[in-house]
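Hi,

Here is the structure I promised to pass on. Have a look at it first, and my notes follow underneath.

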Amino acid sequence: MKKLIANREIDINEEGYLVDFKQWDREICECIAGECNVVMTEKHWEVVEYLQDKHHKEEPLSIRGIKKSGVINIKEFYNLFPGGPLKVSTKIAGIPKPKSCI
């Protein structure tokens, strides 16, 4: 599927996740975040970079892993990305939804 994000046609799957990470940039990120009712702050960017790094290393992502990351505590993670923090944060980061997410 294609979706117009930041005035560009972006390939997404049926759940709205980017299909091709090469299409991701900060402008796309900001638009996706806005759709998820998230206003990006420095802490959001730090989490996004952490998630992308884990994804590129092909390391599985989970809430437990986030808790142990040292990047953010779990309460803050839920506050920064309401409505399913791992699902929302990975969508914003332009990476696939983790297998641990329903």
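A word on naming before anything else: helices (H or I, at least four residues) and strands (E, at least two) are DSSP runs, numbered from the N terminus. Keep in mind that this is a predicted model, where local features need pLDDT of at least 70, side-chain atom pairs count only at pLDDT 80 or more, and totals for chains, interfaces and linings use all residues. Residues are numbered from 1 along each chain as its sequence is written, and side-chain values use heavy atoms, with hydrogens and water left out.

Backbone oddities first. Most residues other than glycine have a negative phi. Ala-6, in the loop between strand S1 (2-5) and strand S2 (8-11), goes the other way with a phi near 55 degrees. Ala-6 is also buried, at a relative accessible area of 16% (buried means under 20% relative accessible area, exposed over 50%, partly exposed in between; 1.4 Å probe, protein chains only). Glu-58 has a positive phi too, about 60 degrees, and sits in the loop between helix H2 (42-56) and helix H3 (63-68). Unlike Ala-6, which is buried, Glu-58 is exposed, with 72% relative accessibility.

Now H1, residues 26-35. Its buried residues include Ile-28, Cys-29, Ile-32 and Ala-33. They sit on the same side of H1, because they cover an arc of only 135 degrees around the axis (the arc is that of the directions from the helix axis to the C-beta atoms). S1, S2, H2 and helix H5 (85-93) are among the elements that cover them, where contact means heavy atoms within 4.5 Å. At the N-terminal end, Asp-25 caps H1, with a side-chain oxygen 3.0 Å from the backbone nitrogen of Glu-27. Just after H1 comes Asn-37, with a positive phi of about 60 degrees.

How much of H5 is buried? The count is 7 of its 9 residues, so H5 is largely enclosed by the rest of the structure. The buried ones are Pro-85, Leu-86, Val-88, Ser-89, Thr-90, Ile-92 and Ala-93, and their cover includes H1, H2, H3 and H4. Gly-94, just after H5, takes a positive phi of about 80 degrees.

Two single residues are worth clicking on. Phe-77, in helix H4 (residues 74-80), is buried with a relative accessible area of 0%. Leaving out residues up to four places away in sequence, Phe-77 touches Val-47, Ile-63, Ile-66, Ile-72, Pro-85, Leu-86 and Ser-89. The other is Gln-52 in helix H2, which counts as buried at 10% relative accessibility. With the same sequence neighbours left out, Gln-52 touches Phe-21, Trp-24, Ala-93 and Ile-95.

Last, the largest pocket, with a volume of about 180 Å³. Its lining is His-55, Glu-58, Glu-59, Pro-60, Leu-61, Ile-95, Pro-96, Lys-97, Pro-98 and Lys-99. For the set-up: on a 1 Å grid over the protein atoms alone, a pocket is an open set of points where a 1.4 Å probe fits, with protein on both sides within 12 Å along at least five of seven lines, and lining residues have an atom within 4 Å of a point. The volume is the space filled by probe spheres set on the points.

Cheers

Technical notes:
A polar contact is a pair of N or O atoms within 3.5 Å; within protein, one must be able to donate a hydrogen and the other to accept it, and residues adjacent in sequence count only if both atoms are side-chain atoms.
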